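Thanks for passing this one along. Here are some notes to read alongside the coordinates, set out as numbered points.

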Amino acid sequence: MVSFELSDEQKMVQETVNSFAADQMEPIMRECDEQNAIPAEVISKGWELGLLGGCIPEEYEGFGEEISAVTGVIALEELGWGDLSMALHLMAPSVLAISVLDQGTEEQKKQILPAFCGEEFKAASCALVEPYYNFCASALRTTAVNDGDEYVLNGKKCLVPLAEESENMLVFAATAPGMGFAGVDAFIVPVSAKGVKVGEREKNMGIKALATYPVTFKDCRVPAAARLGGEAGCDFLRLLSRSRLALAALAVGMSRRALEHSRDYATQRIAFGEPIGSRQAIAFMIAEMAIEVDATRLLAWEAAWRCDRNIDFKKEAALAKNYAADMAMMVCDRGVQIMGGHGYVRDNPVELWFRNARGFAAFEGFVMV
Amino acid sequence: MIDFELSPRIKATRNMIHMFAESAVRPLARQYDEQEHEKPWDLLNMVQKVMGGGIAGAFGTEKKEDKGEGEGEPKEKKPKETNLAGAVTVEEIFWGDAGIALSFPGPGLGGAAVQASGTPEQKEKFLARFTGDKPVWGAMAITEPEAGSDTANIKTTAVLDGDEWVLNGEKIFVTSGKSALEDSEGFVVVWATVDKSAGRAGIKPFIVEHGTPGMQITKIEDKMGIRCSDTVSISFMDCRIPKENILGSPEVVDKTKTEGFKKVMATFDATRPLVAAMAIGVGQAALDFLREYLTEEGVELRYGINPHRMTSLERDIMQMEADLKAARLLTWRALWMLDNGLRNDLQASMAKAKAGLAVTRITQKAVEIMGPLGYSRELLLEKWMRDSKINDIFEGTGQIQLLVTARRVLGFTREQLK
């Protein structure tokens, strides 16, 4: 039966993550962006929320709470509200962990998961995006060729978060080029493996506080057992869809924050004798921002609900993510526009959200629910 | 617990209504678009017999009044989903055809107003007629030549003269006015002012029965779409109605208080999402058609690939699908809130604003995609584009919805945000 009410547990998650975001993330967002760095202390405190470790079963040393995509998008919206860079840093390990949890072999689960159940933040990375204008997750140029009991990886990746500090990364590569999503597999690759080269930290327009790197693979050999899901391989589109849900939720959170900021400004800023929000030109922009933020949240919730119910959600996740990317850009652009010159200067946060927002069109496979 | 699965009861209704819309409504769509001002009487009679006013639930009235006394048996506790069920029903019928669906008999907005603010006697007297064998319509007359959404500017007057109210003025754009007053023994709820100096506080709704002397239909509009549904002008010249036909209190107690007005406006909290559902039904029809056609043409829609690799067609269709889904979810949320007793005026306006615009765009894009076929009257696409445009206009234009939304988001009064 249709309901839009959060369960008590979800409300608790929402409140807990929101107070972390409000107390720990948002106040230092600007400083982190300027310094291209996130204090380890914040990440450590965020890790204590147990968002990742919580959903890992007890047999792999987690808390064994039921993994729920709906609860995931609720939590991620709040992190996105706090700060996108920090949210992406904090949740970067989820891609490896949740992929293994969802589709890994028993050996892979035993090998990988316990590391993410400890008290200390454990970095992990993922390499999906490639540095080409027409990059598409279903047409990867990075290849993995089977050679006996090994796979040989070749190709270039970019936007690989936390590559330097991670022990392992999940690398997506085409095992059957031309076969679309069905021809893509994932490999658990140690960052220190031979043939892996992590380049210099990238300089991006936004998410500046998040460390991302280009990574090249040159005849990098990994054992066949490193292939996610073993011989059966993985359902790549399902993993990608889980990531799309997460990105949509982050976009909703950040856009909601931008909307709140614009709303407050429009009620306080006086021009021509009254608050600028008293003019329809401004008020209507804000109304549309509010409508689209809510609409996108509902799209993400519905897709996540399907995921939890084991109903096919790949199409819904794709629609939600693309919609969210457009929505975030629209909302954050208007946030700047409403503040005029004040929105363009770095004293104010809207320009930061604006820069971050553009990223959603390029982000794929960064986090997972 | 967040859940998007319709209850078995709603699902069953939806399937039934969908079959009905497909087999009985859709086949008549073109004919009653071309033959404007005519009604599919066979269908309307059948609808009345089968649904017996039951469809009223879909148009804003919550449920039929309990008749008689001593219904002592304990009622089964049903889930609170009357309004959501209404939206799903509306969506399916409008998927069949918007014009015909709008011409269905029932209490309509007028009945909704009686339901919302009538006395038990008024409800008994005016609502019982909708459950008979013959189709009966109710209508609401608010708009005037110089007062659309600006309802405070209503000039129609009501003056008490002994035991009667005397109405004078002119109303336009009355949906189903002819059906209510000439084609059946229905009524129209007319908004008039009892004290012009009181502004909104002076505006009261009055029930005017069919056949009341002094009330006359002066014009039947020719329209771009929803042609099967009649839209009329009504003039009131010394039109006398019984004193007890006022809805709510006749007193203008305090000119600064507009509770009565607000109560009637609250009707819109239920009807605006239903208008959104109407729009969504038409949008779904257009999208279903497109998808079927493209499948036949061998066009495969590739979900999940990156947007810049999609064809322009794929991008358009996915945008349309996401827009429609977004509108539907906003609509469901507004009605779920209503069903659960939560204040939903903001969410109702958000849903209407989104759906009206989304479906206007969707149907226009669908016509564009189909090129000459889309423009041709051979297909229904062009009709859907004409029909759906009304959804961004009636029951408050998209701009009025944005105004309501903005006021709530910004925390501004109507004086602070005009």
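1. A good place to start is a charge pair in chain B: R129(B) and E209(B) join their side chains in a salt bridge, with N and O 2.8 Å apart. The pair ties together parts that are 80 residues apart in sequence, because R129(B) sits in the loop between α7 (120–127) and β1 (138–141) of chain B while E209(B) belongs to strand β5 (residues 203–209) of chain B. Both R129(B) and E209(B) are buried. Please keep in mind that this is a predicted model.

2. Next, have a look at D323(B) and R361(B), whose closest N and O atoms are 3.8 Å apart, forming a salt bridge. Here D323(B) lies in helix α11 of chain B and R361(B) in helix α12 (residues 345–369) of chain B, so this pair ties together parts 38 residues apart in sequence. Is each partner buried or exposed? D323(B) has a relative accessible area of 5% and is therefore buried, as the cut-off is under 20%. R361(B), at 45% relative accessibility, counts as partly exposed.

3. Chain A offers a pair worth setting beside these: E364(A) and R244(A) form a salt bridge, and their closest N and O atoms are 2.9 Å apart. This one links distant parts of the chain, with E364(A) in the segment after α12 (350–358) of chain A and R244(A) in helix α8 (residues 236–268) of chain A, 120 residues apart. Both E364(A) and R244(A) are buried.

4. Over all chains, the salt bridges number 64. Some share partners: one network joins E26(A), E77(A), E78(A), R256(A), R257(A), E260(A), D294(A), R297(A) and R333(B).

5. Charge also gathers on the surface, where E9(A), E65(A), E66(A) and D308(A) make up a patch of negative charge. Of these, E9(A) is found in helix α1 (residues 8–25) of chain A. E9(A) is partly exposed, having a relative accessible area of 46%.

6. Back in helix α11 (residues 312–339) of chain B, you will find M337(B). This residue, M337(B), is buried, because its relative accessible area is 11% and the cut-off is under 20%. The C-alpha atoms of M337(B) and E170(B) are 36 Å apart, with their positions 167 residues apart along the chain.

7. Finally, the overall build of chain A: its secondary structure comprises 12 helices and nine strands. The radius of gyration of chain A is 20 Å, which agrees with the value near 21 Å for a compact globule of 369 residues. Its C-alpha atoms fill a box of roughly 75 × 45 × 40 Å along the principal axes. Of the 369 residues of chain A, 63% count as buried.

Notes: Residues numbered from 1 in each chain as written. Chains lettered and ligands numbered in written order. Predicted model: local features only at pLDDT ≥ 70, side-chain atom pairs only at ≥ 80, totals over all residues. Heavy atoms only, no water. Patch = residues over 30% accessible without salt bridge, like charges linked within 9 Å, V, L, I, M, F, W, Y side chains within 5 Å. Areas by Shrake-Rupley, 256 points an atom, 1.4 Å probe, with all protein chains shown as cover. Salt bridge = Lys/Arg side-chain N within 4 Å of Asp/Glu carboxyl O. Lys, Arg positive; Asp, Glu negative; His and termini not counted. Charge placed at Lys NZ, Arg CZ, Asp CG, Glu CD. Helix = DSSP H or I, 4+ residues; strand = E, 2+ residues; numbered from the N terminus. Buried < 20%, exposed > 50% of the residue type's maximum accessible area, 1.4 Å probe, protein only. Rg over C-alpha atoms; globule rule 2.2 N^0.38 Å.
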